[in-house]
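Open the model in your viewer and keep the selection panel at hand. Each stop below says what to select and what to look for.

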Amino acid sequence: MEYILNFINNSQQIIYIVILMIFLGIEVIGRVPSVLHTPLMSGANAIHGVVIIGAIIVMGKAADTNYIAIGLGFLAVVLGTLNVVGGFVVTDRMLEMFKKKK
Amino acid sequence: MELNILTICYLIGSITFILGLKMLSNPATARKGNLIAAAGMAVAIAGTIFLYKDEHGVGLHKHNYKFIFGGLAIGTLIGFLAAKKVKMTAMPEMVSLFNGMGGACAGLISLIEFGRISNELGSGKSFHGTLLIIFLGLIIGSVSFAGSMIAWGKLNGKVKDFSFPGQQILNTIMLFIMVCIAGYLILNITHANSYLFYVILAGALFYGIMFVFPIGGADMPVVISLLNSFTGVAAACGGFLYNNKVMLTGGILVGAAGTLLTILMCKAMNRSLLNVLIGSFGGNKAGASQQSAGGGTYKEISISDSAMVMAYANRVAIVPGYGLAVAQAQHICHELEKLLDEKGVEVIYAIHPVAGRMPGHMNVLLAEADVSYDKLLEMEDANDLFKTTDVVLILGANDVVNPAAKNDPASPIYGMPILEVELAKNVIVNKRSMKPGYAGIENALFFQPKTSMLFGDAKGVLQQLVSEIKSL
């Protein structure tokens, strides 16, 4: 019990961020028209590619003899980059088509 | 000092993500919003590479820079090319694929961090909190990865629906067991039982597959959106792990927004999320609705007759569906519309919110062919106009015009709002064959007296229609 209380106390900043972000995430896209559902999903998909930063950190921390960590970290960087770059480019292509008319 | 600059980089990242999402939900600013979020991401990534220091002030090892830049280069090249080359019709698959990559990335981070921790076991440190986050990231990331791959395969047509009785119960039990093992490991981890970590990894991958397998193709957009928000949460776990605020904000933001978006998509189909996940579309329930439509007779119409009724109509409503997208017939469709317009026929497009494989699919597709935006009517507006419409031309749409959604409580799509095309004077349905649509259910509309079938590939049929109308 003491451990849990300590944990909450030590990470209160993070817990506040999580709570605020949940409400913000809901609020921010609250009135999206159904036409934009797909591009919005795709854009959100690109944003969670921020996981790439974690991949860069683990990759960078790997000792030079730890081949497993290097191999997996490298793979994680590649996949994370795919998510970010592919996600943003696909979203842009979708939205490009919306722009032409009018 | 360097660390402070990194903090500012992350702050910029977080703000652009929030702004980007906000702008993405408005048609006028959407494109700019996407670019702003992308720029913020670039700042955050560059900041991490050059300025990152952990709590002991140790930066990233220099000898690993070649791998980081190598990985970034390879990922950028493949991601850019794949996203540029993909056809409009395959866009949904692509989103699912990229989502899976993100999930896999989160899973791998957990894998490596666990490896690091298991080296430090027995040193007297307690790892409860870290382990909890690692397991969360591992399970959510792996489920998202495996699920996205299955969703990708399904939209591709490579993976078929598959379900068996009791599957939901089995899935629930599996999830429960995984959580129990994870809980046990968090409290009592030793060298001897750390192999259980890999059991959880395998279980999570298997769960992801079983989770998506029974869900029917027509519900795939909802599932992808849900998995999208899963990956967001998995990314946020990484943020916990490294006390990294930009990962935390970005991940949780997408997790929350993605969940809401999933619910909005379900609402567009007038169904609940639970119903989508458990309903196994087209599975066990489809049998009940077969009898309502089967056994009827339908009539065919020739190209020249179709051309005739359309050329002399006052108003023609085109209902596009996935068939149009598959045939890549959007340009020829626009040509037909212009031709009819010159002849003084009013042409409108009636867009069902979930026509195609994803909400908004048809808008994107028709916009590509330069169809004017004000000709695309949303469902409610179109339904008001059908009464005074002479000809409805349905191009490869099926479930979104199925009257069973209104009048057959046994039908799996019962309750979904549809385009009420049967109010129009004539209905011409272009399909490749009499086979039922994506949801696997019969459509009584095809057997109604005012409906005529025009079989063939949408592109070919439209080309013939255009040349026929020109020669009238």
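Start by colouring the chains separately and select the boundary between A and B: 96 residues of chain B are in contact with 79 residues of chain A. Two residues are in contact here if their C-beta atoms, placed from the backbone, lie within 7 Å. Helices that each supply at least two residues to chain B's side of this boundary include H1 (2–24), H2 (30–51), H3 (65–85), H4 (91–119), H5 (128–156) and H8 (220–242) of chain B. The most comes from H9(B), with 19 residues. Helices (H or I, at least four residues) and strands (E, at least two) are DSSP runs, numbered from the N terminus.

A word on the model before going on. It is predicted, so local features need pLDDT of at least 70 and side-chain atom pairs count only at pLDDT 80 or more, while totals for chains, interfaces and linings use all residues. Residues are numbered from 1 along each chain as its sequence is written, and chains are lettered from A and ligands numbered from 1 in the order in which they are written.

**Stop 1: a helix pair across the boundary**

Select residues 37–47 of chain A, which are helix H3, and residues 245–268 of chain B, which are helix H9. Their axes are 9 Å apart and the helices pack at an angle of about 160°. Axes are lines fitted to C-alpha atoms, for helices over the stretch in contact, and angles run from 0 to 180 degrees between N-to-C directions. H3(A) and H9(B) are therefore roughly antiparallel, a label for angles over 145 degrees. Their crossing is left-handed, meaning that the near helix is turned anticlockwise from the far one by less than a right angle. Now show side chains: among the residues of H3(A) that meet H9(B) are His37(A), Leu40(A) and Met41(A). On the H9(B) side, look for Gly250(B), Leu253(B) and Val254(B), among others.

**Stop 2: chain B as a whole**

Hide chain A. Chain B has 18 helices and 7 strands, and its C-alpha atoms fill a box of roughly 85 × 50 × 30 Å along the principal axes. Colour residues 89–284 as domain 1 and 296–470 as domain 2; these bounds come from an automatic or database domain assignment. The centres of the two domains, taken over C-alpha atoms, are separated by 38 Å.

How many of the 472 residues of chain B count as buried? The share is 52%. A residue is buried if 20 or more other C-beta atoms lie within 10 Å of its own, exposed if 12 or fewer, and partly exposed in between, with C-beta atoms placed from the backbone.

**Stop 3: the nonpolar core**

Bring chain A back and select Cys105(B), Val319(B) and Ile394(B), the residues with the most contacts inside the largest nonpolar core, which has 190 residues. This core draws at least three residues from each of the two domains of chain B. A nonpolar core is a set of buried Ala, Val, Leu, Ile, Met, Phe, Trp, Tyr and Cys residues joined through C-beta atoms within 7 Å. Zoom in on Cys105(B): leaving aside neighbours within four places in sequence, its contacts include Val51(A), Ile52(A) and Leu79(A).

**Stop 4: H4 and H8 of chain B**

Select these two helices next. The axes of H4(B) and H8(B) come within 9 Å and cross at roughly 30°. That makes H4(B) roughly parallel to H8(B), the label for angles under 35 degrees. H4(B) passes H8(B) in a left-handed crossing. Pro92(B), Val95(B) and Ser96(B) are among the H4(B) residues that meet H8(B), where Pro221(B), Ile224(B) and Leu227(B) are among the partners.

**Stop 5: single residues**

Glu93(B) also lies in H4. Is Glu93(B) buried or exposed? Glu93(B) is buried, with 23 other C-beta atoms within 10 Å. Beyond its neighbours within four places in sequence, Glu93(B) is in contact with Trp152(B), Leu155(B) and Asn156(B).

Move to the loop between H8 and H9 of chain B, where Asn243(B) sits. Asn243(B) has a positive phi of about 50° although it is not a glycine. Asn243(B) counts as partly exposed, with 13 C-beta neighbours inside 10 Å.

Finish at Gln328(B), in the loop between H13 (322–327) and H14 (330–342) of chain B. Its phi is positive, about 55°, and Gln328(B) is not a glycine. With 17 other C-beta atoms within 10 Å, Gln328(B) is partly exposed.

Conventions. Angles under 35 degrees count as roughly parallel, over 145 as roughly antiparallel, 65 to 115 as roughly perpendicular and the rest as oblique.
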